[in-house]
2 protein chains.
Amino acid sequence: MRIGDLSHRTGVSPRMLRYYEEQGLITARRLDNGFREYDDYLVDRVHKIRGLLDAGIPTRIIGNILPCLHQAEIVVEDADPQLRAMLVEQRDKMTERIAVLEQNRDALIRYIDAMDRAAPESNRSSGETTAVA
Amino acid sequence: MRIGDLSHRTGVSPRMLRYYEEQGLITARRLDNGFREYDDYLVDRVHKIRGLLDAGIPTRIIGNILPCLHQAEIVVEDADPQLRAMLVEQRDKMTERIAVLEQNRDALIRYIDAMDRAAPESNRSSGETTAVA
DNA sequence: TCGAACCTTCACACCCATGTCAAGGTCAAG
DNA sequence: CTTGACCTTGACATGGGTGTGAAGGTTCGA
């Protein structure tokens, strides 16, 4: 698949796909004409990158943890303590971010509920659920 | 409390406190000499701002949702549907971010576990727990 | 053969969160 | 009165993620 295809399949601009490559997050083979050729698994990978980026993780960190994210048990023979420390740090930062987000989301939920209770009948702008999911 | 105090109590630089004020996230009274004077409740507020910023929420959004975050039931008489839509959107984005972070953190946890199983005895760099907290 | 649609690299430009520095005012302690 | 620690505003700088445009190559269908 070429860069336009990957872009369409992921909703990420070609500009950004080249940037992620430059940052070492994805790699592409090259066709004879110089065009980038991407493997299918990169669609998922790019989605994962987007999610992490949106969650405030910078590309440098993403690059570090990405190899460890797909499945464990694979190539865990090195046991580099540096790497382990970094992973533990990122794990804890994520846990912290999760706590903050949950707390604030719950406050939002309560506020929205209060609005709805204060003004029944109105609001409810089409196909949207107030459920917590 | 003046800016240096607030800075010490929150770990946020004076520069950033002024910036948050400029962005409408906090406000300060002024003393006769022009110095900013902060109320105690701002310590918590600044911590909250930091948490949201670290979680990838931009100041503009923070400014919008912050008034709704402290307690519901207060001044919910307006029932502006614009506001409600924005809150719902942010609630959903947070839920999404939480899901992404949990998923990736869990992958990290599995990977770390796998490392530890592959290389017992070593690692374990002092006072750190592998528990999920 | 031509044009459209794609690709390449490179560069400039933007926003945002942040640091840092300069030039100056306030105030309390020595 | 001076010094040092604090405050003010304003400006310039930087890094990260992103958009956009120029100048040019490839490919394919009319």
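**Exercise 1. Is the crossing of α4(A) and α5(B) left-handed or right-handed?** Work it out on this predicted model, starting from the geometry of the two helices.

*Solution.*
- Step 1: Find the two helices. α4 of chain A covers residues 59-69, and α5 of chain B covers residues 81-118.
- Step 2: Look at how they meet. Their axes come within 9 Å and cross at roughly 70°. Angles of 65 to 115 degrees count as roughly perpendicular, so α4(A) is roughly perpendicular to α5(B).
- Step 3: Settle the handedness. The crossing of α4(A) and α5(B) is left-handed.

**Exercise 2. Name the residues through which α4(A) and α5(B) meet, and sort them by character.**

*Solution.*
- Step 1: From α4(A), pick out Ile65(A), Cys68(A) and Leu69(A).
- Step 2: Across from them, α5(B) offers Asn104(B), Ala107(B), Leu108(B) and Tyr111(B).
- Step 3: Sort the contact residues: six are nonpolar, one is polar and none is charged.

**Exercise 3. Describe the second largest pocket: its volume, its lining and the helices that supply it.**

*Solution.*
- Step 1: Start with the volume, which is about 250 Å³.
- Step 2: List the lining. Chain A gives Gln103(A), while chain B gives Tyr41(B), Asp44(B), Arg45(B), His47(B), Lys48(B), Leu66(B), Pro67(B), Leu69(B) and His70(B).
- Step 3: Assign helices. In chain B, α3 (41-54) and α4 (59-69) each supply at least two lining residues. The most come from α3(B), with five.
- Step 4: Sort by character. The lining of this pocket holds four nonpolar, three polar and three charged residues.

Note on methods:
Residues are numbered from 1 along each chain as its sequence is written. Chains are lettered from A and ligands numbered from 1 in the order in which they are written. This is a predicted model: local features need pLDDT of at least 70, side-chain atom pairs count only at pLDDT 80 or more; totals for chains, interfaces and linings use all residues. Side-chain values use heavy atoms; hydrogens and water are left out. On a 1 Å grid over the protein atoms alone, a cavity is a set of points where a 1.4 Å probe fits but cannot get out, and a pocket is an open set with protein on both sides within 12 Å along at least five of seven lines; lining residues have an atom within 4 Å of a point. Grid points are joined across faces, edges and corners, and a volume is the space filled by probe spheres set on the points. Helices (H or I, at least four residues) and strands (E, at least two) are DSSP runs, numbered from the N terminus. Ala, Val, Leu, Ile, Met, Phe, Trp, Tyr, Cys and Pro count as nonpolar, Asp, Glu, Lys and Arg as charged, and the others, Gly among them, as polar. Axes are lines fitted to C-alpha atoms, for helices over the stretch in contact, and angles run from 0 to 180 degrees between N-to-C directions. Angles under 35 degrees count as roughly parallel, over 145 as roughly antiparallel, 65 to 115 as roughly perpendicular and the rest as oblique. A crossing is left-handed if the near helix is turned anticlockwise from the far one by less than a right angle, and right-handed if clockwise. Contact means heavy atoms within 4.5 Å.
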